[in-house]
Amino acid sequence: MPDNLPQEIDRLRTRMQSFIEEVLVPAEAGVDPSAPIPTEVQQSVREASKAHGFFFMTQPAEFGGRPEGTLALTMLRETLSAANTRLAGCVFGPGPGMLHAATGPLRENYLEPVMRGEKRGAFGFTEPDTAARPTWAVLSNDTLTVTGQKSYVTGGATADFISVLVNVEQEDGSKAGTAMVVIDREAPGVTIDREFSSMEGGGHVSMKFDGVRVPVANVIGKIGEGMPRALGNIGNVRLMVSAQATGMSMWAIDFVEHHLRAPHRTGTPLGEREGVRLRFADMRIETYAARSALYRTARLAETDANIVNETIATKVFCTEVAGRVVDTAVQLVGGQALVVGHPLERLYRNVRSLRLVEGASDLLRINLVKGKLELGKGTL
Ligand SMILES: Cc1cc2nc3c(=O)[nH]c(=O)nc-3n(C[C@H](O)[C@H](O)[C@H](O)COP(=O)(O)OP(=O)(O)OC[C@H]3O[C@@H](n4cnc5c(N)ncnc54)[C@H](O)[C@@H]3O)c2cc1C
């Protein structure tokens with residue numbers, strides 16, 4: 001086991017495994033695998049998660065949460081992902097995300113309602129390739145006038161607000177830096193021009209901002225801090241994605257192990273063939289290395305260390321390993337793995353987006369090297 005966790009975190013893992021067996025598995029068993037999960041099933045899982053205490057583990061104490069550290073949360077997320085359940089997203093309550101340090105009206109109007117479960121936010125970062133210029137805002141007195149577009153906003157159709165990265169300029173055109181600005185989805189000038197879904201089932205929109213007037217109080221932090229704030233939040237999410245990826249690899253390994261032990265039409269279980277064993281060995285070796293990186297970075301995240309580089313390396317490695325492991329699992333199981341509704345078919349669709357979300361692998365590679373060669377940073 002690469003994780004070698006303190007006893008109290010190991011006990012948490014046992015609790016999560018029981019929760020999966022006793023709550024998630026039965027709840028999912030009654031749902032058609034090709035249909036969306038009914039709202040009442042999702043709600044019942046949320047209630048059960050509250051009763052078991054998991055729901056509050058991603059929430060700050062000041063909002064009634066009982067927060068766990070990064071190492072514990074990483075383990076819990078990996079364990080959930082290793083169950084390959086569609087209900088994993090109902091287990092944890094909403095976290096503050098990049099609004100965590102919000103004060104004044106931003107806290108009152110957005111952060112507090114989010115933590116009460118009354119409002120939901122989305123994240124507008126990615127720009128379309130066709131845009132004449134990236135989304136910008138003109139600062140005049142206490143108002144920002146935002147113009148531009150974002151091409152891939154997950155949950156944007158139903159969100160109450162979007163945290164949008166903008167380039168701010170003064171009225172005379174001089175640059176004031178980037179800012180993350182909270183914009184109400186229903187604000188005048190905000191339009192959704194396309195709704196679409198991606199292969200893993202996520203729902204997204206592309207949206208336009210046409211002279212949207214936003215009070216400066218809706219800037220998260222300060223003008224000039226937009227990019228670091230967006231990337232700071234992405235850093236946390238990258239570790240979550242890494243845990244999701246290693247959990248997927250673990251599930252695929254378990255599934256393939258059963259398959260290799262089962263009877264095969266040739267009369268010999270596949271697990272007795274050396275060529276198949278080699279493939280299975282690679283799945284296990286790569287997953288071991290990915291989990292080692294994941295738990296090392298999660299431990300570092302609990303220190304004061306700057307772990308931007310470690311998080312990038314972990315995200316790239318864990319998601320790419322998961323892609324190879326799930327692909328090999330499909331290959332070893334054969335055509336049945338691709339039948340719609342088969343758990344590997346869903347996993348194959350789910351794993352693909354991980355190498356793009358929160359930073360495409362090659363862009364992260366380039367950032368890692370830029371940090372070293374041009375800024376002299378990054379120990380790894
Ligand atoms: C399921 C899903 C959910 C998403 N949700 C959101 C969301 O909520 N909010 C949001 O803002 N975005 C979201 N995105 C968008 C995601 O962040 C982007 O897809 C991702 O950052 C890559 O950007 P892009 O699609 O514009 O591709 P591009 O940036 O065009 O990159 C495409 C490819 O080109 C190559 N490339 C690009 N630039 C370079 C370079 N400088 N050097 C070398 N190679 C390069 C790489 O191979 C890269 O993978 C989501 C995407 C997915 C798949």
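Begin by selecting Gly124 and Val164, since Val164 in strand E4 is the bridge partner of Gly124. This is a predicted model, in which local features need pLDDT of at least 70 and side-chain atom pairs count only at pLDDT 80 or more, while totals for chains, interfaces and linings use all residues. Residues are numbered from 1 along each chain as its sequence is written.

Next, select residues 121–124, which are strand E1, joined to the parallel E4 by four bridges. Strands (E, at least two residues) and helices (H or I, at least four residues) are DSSP runs numbered from the N terminus, and two strands pair if DSSP finds at least two bridges between them.

Now colour E4 itself, residues 161–170, where seven of the 10 residues are buried, so that E4 is largely enclosed by the rest of the structure. Here a residue is buried if 20 or more other C-beta atoms lie within 10 Å of its own, exposed if 12 or fewer, and partly exposed in between, with C-beta atoms placed from the backbone. Add strand E2, residues 136–140, which pairs with E4 in the parallel sense over four bridges, and look for Ala137 opposite Val168 of E4.

Then add strand E5, residues 175–184, which runs antiparallel to E4 and is joined to it by nine bridges, with Lys175 of E5 as the bridge partner of Glu169. E4 and E5 form a hairpin with four residues between them, and in its turn Gly173 has a positive phi of about 90°.

Move on to strand E3 (143–154) and to strand E7, residues 203–215, with which E3 pairs in the antiparallel sense over nine bridges; Lys150 stands opposite Met207 of E7. On selecting strand E6, residues 190–197, you will find seven bridges to E7, again in the antiparallel sense, and Arg194 opposite Ser206. The hairpin of E6 and E7 has five residues between the strands, and Gly201 there takes a positive phi near 105°.

Select the ligand next. It is surrounded by 18 residues, of which the closest are Phe125, Thr126, Tyr152, Thr154 and Ala360; a residue counts as near if its C-beta atom, placed from the backbone, lies within 6 Å of the molecule. E1, E3 and helix H9 (361–373) each supply at least two residues of this shell, and E3 gives the most, with four residues. The shell divides into nine nonpolar, seven polar and two charged residues, where Ala, Val, Leu, Ile, Met, Phe, Trp, Tyr, Cys and Pro count as nonpolar, Asp, Glu, Lys and Arg as charged, and the others, Gly among them, as polar.

Colour by domain now, using domain 1 (7–95), domain 2 (121–220) and domain 3 (227–373) of the domain assignment, whose bounds come from an automatic or database source. Both domain 2 and domain 3 give residues to the shell around the ligand, so the ligand shell lies between them. Taken over C-alpha atoms, the centres of domain 2 and domain 3 are separated by 32 Å. Eight residues of domain 2 are in contact with seven residues of domain 3, two residues being in contact if their C-beta atoms, placed from the backbone, lie within 7 Å. On the side of domain 2 that touches domain 3, five residues are nonpolar, two polar and one charged.

Finally, show the whole protein, which has nine helices and eight strands. Along the principal axes, its C-alpha atoms fill a box of roughly 80 × 50 × 40 Å, and buried residues make up 36% of the 380 residues.
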